[in-house]
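Work through the exercises below with the coordinates open. Try each task before you read its solution.

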Amino acid sequence: SQSRYVGGGTSNAFTTTNMTASSIVTATILSQTNAASIVKAVPGTNTLTVTFSADPGANTTISWISVTPAG
């Protein structure tokens with residue numbers, strides 16, 4: 001999936017569906033205004049919280065994949 005972030009901070013919670021706290025997530029930045037990297041991507045119930053090394057700026061787009069273990 002892809003999500004957009006308008007910048008203004010170093011962390012953002014993206015709303016998603018079918019994600020749980022036990023999901024396994026991989027995330028990458030597709031585009032950004034300022035130089036930054038993803039420090040961590042933490043899954044939660046229908047939420048993915050991404051923390052960046054710095055404010056990535058307006059029009060940041062991330063791509064992410066999540067897998068939820070069975071059982």
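**Exercise 1. The core**

Which residues make up the largest nonpolar core?

Solution. Bear in mind that the model is predicted. The largest nonpolar core holds 10 residues. They are Tyr5, Phe14, Met19, Val25, Ile29, Leu48, Val50, Phe52, Ile62 and Trp64. Next, assign them to elements. S3, S5 and strand S6 (60-67) each give two or more residues to this core. S5 gives the most, with 3 residues. As background, nonpolar side chains tend to be buried together in soluble globular proteins.

Now take one core member, tyrosine 5, and list what it touches beyond four places in sequence. The list runs Thr10, Ser11, Asn12, Phe14, Phe52, Pro56, Gly57, Ala58, Asn59 and Thr60. Phe14 and Phe52 on that list are also core residues.

**Exercise 2. The sheet**

Find the strand order of the open sheet of 3 strands.

Solution. Start with the bridges. S2 and strand S5 (residues 47-52) are joined by 5 bridges and run antiparallel. Strand S4 (residues 38-44) and S5 are joined by 6 bridges, again antiparallel. The order is therefore S2-S5-S4. S2 and S4 are the edge strands, each pairing on one side only. On average, neighbouring strands of this sheet are turned by 20 degrees against each other, direction ignored.

Then fix the register. Alanine 13 has threonine 49 in S5 as its bridge partner. Threonine 15 is partnered by threonine 47 in S5. On the S4 side, lysine 40 stands opposite threonine 51 in S5.

Finish at the turn. The hairpin of S4 and S5 has 2 residues between the strands. In this hairpin, asparagine 46 takes a positive phi near 55 degrees.

**Exercise 3. Two threonines**

Are threonine 16 and threonine 47 buried, partly exposed or exposed?

Solution. Take threonine 16. Its relative accessibility is 11%, so threonine 16 counts as buried. The cut-off for buried is under 20%. Threonine 16 sits in the loop between strand S2 (11-15) and strand S3 (24-31). Outside four places in sequence, threonine 16 is in contact with Asn46, Thr47, Leu48 and Trp64. Leu48 and Trp64 belong to the largest nonpolar core.

Now threonine 47, which lies in strand S5. Its relative accessible area is 26%, so threonine 47 is partly exposed. Its contacts, neighbours within four places aside, are Ala13, Phe14, Thr16, Met19 and Val42. Check Met19 by distance. The C-alpha atoms of threonine 47 and methionine 19 are separated by 6.7 Å, at 28 residues apart along the chain.

**Exercise 4. An arginine on strand S1**

What joins the side chains of arginine 4 and threonine 61?

Solution. First, place the residue. Arginine 4 is in strand S1 (residues 2-5). Second, read its accessibility. At 57%, arginine 4 counts as exposed, because the cut-off for exposed is over 50%. Third, list the contacts. Setting aside neighbours within four places in sequence, arginine 4 is in contact with Phe14, Asn59, Thr60 and Thr61. Fourth, look at the side chains. A polar contact of 2.4 Å joins those of arginine 4 and threonine 61.

Close with a distance check. Arginine 4 and isoleucine 29 are 25 residues apart along the chain, and their C-alpha atoms are separated by 10.0 Å. Isoleucine 29 is in the largest nonpolar core.

Conventions: Residues are numbered from 1 along each chain as its sequence is written. This is a predicted model: local features need pLDDT of at least 70, side-chain atom pairs count only at pLDDT 80 or more; totals for chains, interfaces and linings use all residues. Side-chain values use heavy atoms; hydrogens and water are left out. Helices (H or I, at least four residues) and strands (E, at least two) are DSSP runs, numbered from the N terminus. Buried means under 20% relative accessible area, exposed over 50%, partly exposed in between (1.4 Å probe, protein chains only). Contact means heavy atoms within 4.5 Å. A polar contact is a pair of N or O atoms within 3.5 Å; within protein, one must be able to donate a hydrogen and the other to accept it, and residues adjacent in sequence count only if both atoms are side-chain atoms. A nonpolar core is a set of buried Ala, Val, Leu, Ile, Met, Phe, Trp, Tyr and Cys residues joined through side-chain atoms within 4.5 Å. Axes are lines fitted to C-alpha atoms, for helices over the stretch in contact, and angles run from 0 to 180 degrees between N-to-C directions.
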